[in-house]
Amino acid sequence: MSIANKFTALSAWRHKLRAHATPGGIRPKAYKKTSLRSRIMPTPIPGLLILPLGQHQGTAAEALVSVGDRVLKYQTIAAAAQSNSVAVHAPTSGTIVAIENSPVARLANNLNESQLCIHLEPDGKDSATELYPESDYHLLDHSQLLQRIADAGICGMGGAGFPTRDKLQLSIDHKIDLLIINAVECEPYITADEALIRERAEAVVQGAEILLAATRASRCVIGIEDSKTDAITKLVAALKNSSVELMVIGTKYPAGGEKQLIQAVTGKEVPSGLHPADIGILLQNAGTAYAAYNAIILGQPCISRITTLTGLALQTPKNFETLLGIPISFLFELCGINESARLKTIIGGSMMGIEVSNTAVPVTKTTNCVIAGCAEEFPSPTDEHACIRCGFCATACPASLLPQQLLSYSKSSDHQQLQDHGLFDCIECGACAYVCPSKIPLVQYYRASKSKIKARQASHAQSARWQNRFQFHQFRIKKTADDTSNKKPRDTPAADIKPKLEDFSRDEARRKIADAVARVQTRKSKLIASTKNANSNNGNMPGVEE
Amino acid sequence: MTTYLSIIIAAALVNNVVLVQLLGVSSLFLSNSRLQNTIELATLNFIVLFSAAVINLLLFRFILLPLGLDFLKLLFFVAISSSITKLLLQWLKQRFPLSLRQQKLAFYLTGGNSAVIGVSLLNTVSHLSIPQSIAYSLGAALGFSLLLVAFAALRLRLDSAEVPAPFRGTAIQLISAGIVTLCLLGFAGLV
Amino acid sequence: MTAPGPGSPLQTSTQTIAGIMQLVLLALVPGIAMATWFFGFGILINILLAGVTAIALEAAILKLRKKDIRLHLGDYSALVSAVLFAIAVPPGSPWWLVIIGIVFALVFAKHMYGGLGQNPFNPAMCGYVLLLLAFPLEMTTWHIPNEIVNSAIRIDSLGIGDITSDQQILSPFSWLGLQQSLVLTFPFIARNSQQLIDGLAMATPLIEFKMAGHSALLTAWDNGLSWFDRESATGWELINIAYLGGGLLLLYKRIISWHIPFSILLTIGVISSLFYAPDSAAIYGTPYLHLFGSATMIAAFFIATDPVSAATSNRGRIIYGILIGTTIYSIRVWGSYLDSIALAVLFGNFCAPLLDYYCRPRRYGHLRRGLVQRPNQATEQHREKGIGEL
Amino acid sequence: MSKLECQAEESQSLWQNNPVLVQLLGLSPVLAVSTSLVNGIGLGIATFIVMLLSCISASLLKAQLNSAWRFTWFLLIMASYTTALDILMQWLYFPLYKQLGIYIPLICCNIAILVRMEVRACNSHWKLAATDAAKSGVAYLLAIVLLAGLRELIGQGTLFSDWQLLIPSTLLTDISPSEIQHDQLFGFAKLQPMAFILLGIIVALKNFTDSYFAKETDTQLGNGATVQRARVTGRLKK
């Protein structure tokens, strides 16, 4: 297609649906071209597949097989737990050689950890179980649709990995009226969705229609960045006979963030602390739509995904349709890695991904990108300068926070101010840290403060529980004493007990707390006084050896 | 009109009670680290300063001076300002018990604030007419409370700054007050 | 709180503090060049003196505070402060004046607060205001090198020195001018050649403009004089235009946001237009001269925009600019100091923490303050089940 | 209980818990009149007298002081002494009185005195109250002398000039302040900003020396403590 045609197609779609403005955002240097040079390639079958039981966010699946079992391709080898969980299927036929803890990279938890994994040794025959494709999804009723999606073991393919069935169930409870398919992919390295749409736009659109039917929403919009011209033209063609709409939004990071995309598409903001479903909107990733297409139309469970292999340390960056469980070192070799140049290995994008030290970690359902970065792209972090409050971060922040203020309060551990300034509205997109001229790892500070605050809140809740329990205990002792002395009948209704309990706790607790605080204060001041006058009485000094 | 405006601006900025006249400087450093508390304190100070100054002025001009009791003015001024504070605090105790408890001493010391007595004393020696003196008192009270709030906000920023150890706390606050005074002295001649 | 370990984002931009500061210095070059052309080497000597003192002092303090000297000196912030201070100090000031100012600026206004990024007041302006109040005479006299022999100065009715016709104006930008500037700065080297010190001591240029009440550029244009001729007294206007150019460069490079300069200039423009009347121009000055006389442009683009001491949110920045603009105009017209910029900026700095506190931008997903949005029931149920977090 | 109250509760001492340098109480006169040593000493002594007398009176009258209105009573006590002192000074020290101006009557609302009365005087024996007030008053005098001396030295390069102002006028015939204009060294030091800044520097120096000495005693103590513990365990073994 010629450039002129692309342009007209683009502008036609732009006029149809206009994206709303979103605050903040940055335009990081993108490295997308190299990995888009080749088509999506299938991977050969490696010698060993490592299949973590928890590839998603939520409860891990429960293994159905034991060591030594022979499994077929598509066979369910781990079933979803009670709720908030997805099943795992065998990507190829072979033997289970081990079920043990192995290192994995989990985007959702943002840390490296080891997890229970099924180790599958392929036999190379790739013999499959029987599939039940259903070329017309209209023939399936709603519960069947959900059941099939659940059986296929689909979770969010964008990176967070939330079980899709649960998300769809959520949407039914909330009466969703808008489904947004997120094909924005604003991370500067990832091209998995772009490659997918460029080559399999029809499948994605059908997947979107399936999800639309599954959510019972009235509208479906696919959001995509205006820089992805090839993908847009393909989508335009695929959408000709579909009710699904397309919205082209401006290229900036993080345009693909859940809240940002909702704002761009609808102009609405998700109220702080609430879920998009509360305002009748549901987001699904384009990769998830494709997986839904596979699950319903082809009947295949989720055993592979599109993953971008990129980074300057790779000779031929490209997108793979990888089997799940392939170690990333195997993929590196397929792309011709220059091991000496590889400085960092990143799973996920360069902005929100995590760095892994072990290249034996497997590809999971959420691995959308693997970067083998060299020193040229990721220079070692320079020393942190002082914050000069230049405000670049505030301009970049998509949540309209004041990162520089948050930083100073984080440093002084002023938790009240942090919450007042909206620390928990931070989506950790990293735009502030990207633009910071002082090279301050702002997001790390926020994460540390968040976990501190959460820990403190948890301990407060804990102590409140203990206090309640203690007070109830006291109350009960008192009450039984009263009962025995007054010889009253014991069947006082529960409603009577409650107000008494409250009265008791309010007065007593306040007084006790005030007393305790005063005691501590006087003790502290006395301690200070005694330390100050230390030279006179160095005999009895508590806590000097600290 | 312009005279009154210029008197108010002069009292609030150019001859700021706290930093230029150096009255009630301690109040700057009394309030605690929450801005909301400082605003409460400043409001209280504003009401006390203004009302006490006006009452004292009228008392002095119409009662003490004609009776030749002006050498006892101090006793009367102190009694009036502390009574006003006491009555206000009693009212506050009923309405806002919490904020009162948080900074009890700071609130109580408002009555003995040297800015209150100082403005009253300055009114006795100034050559302004009674309405002009009232304008002056208003300006002084405004300048006092606004400065208290702005300085508290500045102190909040100093709390999170990496000030070298010996200067941390009161020393750097005094130096900041000095720099602000530098700036206010530059307003000289504005009116 | 210690610095946490590495993590996302792993990619960062190439912009650094040193780069920003270098760009600020670069943007100052046209203005400085223009000022040097009109007022002679005194400006450059000031900059050199202040810069060298500042770097030496900064290094010494960093050593005393046990900080990494290379890292912190490499951010050029001391140099920027020194240059901003030096272009504000009158040329031909004695050396000790400059050094006192720099010491106050760096020791008291910067490092006592913890160094770069912590100071609530603009260091350069603190130093300047201290000098202005402590040495008012020295700080309001501009020494411009002049011809020695016929230096008769006629004092007119307004008390302003005027150059008589028999005096030959010496180019300040000459070898003799350099000599004179050096002697003015370091008076001890001129014991023997006493007459060299007799340079023209003129008051701050703003006074002339304020009294003249008309644009020298237009006059020069009407009279067919060259703008760059020193006789046409177009100095301050051209210098301001040069600084405006530098400021626009910073705006273009997004080093500074438009809010502060725009609101300062607009405020000064609006207020001076309101008070402007042709017959009272001698008192209030024309709007044009308020914008292009004296150091308005340096203040608006380089001094008030110092991010460390300015307000930080956009709404706060606009109020901050309005505050500074009003103060600049008020002090100039009604106050006793004509160089009101430093005072106004310090006043703005003082109010900035309060502005920061009250002018926070509306955050994503929050209504106006006090309004709370409630989740609908289904979410609550889901949250209870533990699957609320997506 | 706020920080201030904690500090006030502590035992009063000349240097460690100085009312001016640590608690920042009664700053206004300190900053305002410390332009020369003579002024500082004059005001310091006047404050000392009022503090001593007020505290003793408050202690003696503590039974009569209504607790709800006690602040008013305290202020009235202070105001009566101040009025008396004011009249006395007008008679004996008129030139000095003129120089101190409004700050002599303002002793009546010096918070440093008020805090002493509130914290110590109104609930202890008068002898105890008197020693406490005396200590506090001397500490106040010390701070004001320190600042005044520094400012006079920097401001006009002299120390204790015009000392004759401190001699009562009944003893000396000519007590007018010297007319000779001193060579102003850095006259700016006499203005308000330098008062703040110099006081800040004094406080910082105090902090520095305190922490320096504290560190020294700390290390000594630390060694002592470990030794002590060793001995204790030894004793337990026996």
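Trainee: What makes Trp258(C), Phe262(C), Leu266(C), Val270(C), Leu274(C), Phe275(C), Ile318(C), Ile322(C) and Trp334(C) a nonpolar patch on the surface?

Mentor: A patch is made of residues with over 30% relative accessible area and no salt bridge (a side-chain nitrogen of Lys or Arg within 4 Å of a carboxyl oxygen of Asp or Glu), and nonpolar side chains (Val, Leu, Ile, Met, Phe, Trp, Tyr) are joined within 5 Å. These residues form such a patch, with about 860 Å² of accessible area together, the areas coming from the Shrake-Rupley method with a 1.4 Å probe and only the protein chains shown counting as cover for residues. This is a predicted model, in which local features need pLDDT of at least 70, side-chain atom pairs count only at pLDDT 80 or more, and totals for chains, interfaces and linings use all residues. Residues are numbered from 1 along each chain as written, chains are lettered from A in the order written, and side-chain values use heavy atoms, without hydrogens and water.

Trainee: Why is Phe275(C) called partly exposed?

Mentor: Buried means under 20% relative accessible area and exposed over 50%, with partly exposed in between; Phe275(C) has 33%, and is therefore partly exposed. Its place is in helix H12 of chain C.

Trainee: Which helix supplies the largest share of the nonpolar patch?

Mentor: The largest share, five residues, comes from H12(C), while H12 (259–275) and H16 (314–334) of chain C each supply at least two; helices are DSSP runs of H or I with at least four residues, and strands runs of E with at least two.

Trainee: How many helices and strands has chain D?

Mentor: Chain D has eight helices and zero strands, and 54% of its 238 residues are buried.

Terms used
Patches are made of residues with over 30% relative accessible area and no salt bridge: like charges are joined within 9 Å, nonpolar side chains (Val, Leu, Ile, Met, Phe, Trp, Tyr) within 5 Å. Buried means under 20% relative accessible area, exposed over 50%, partly exposed in between (1.4 Å probe, protein chains only).
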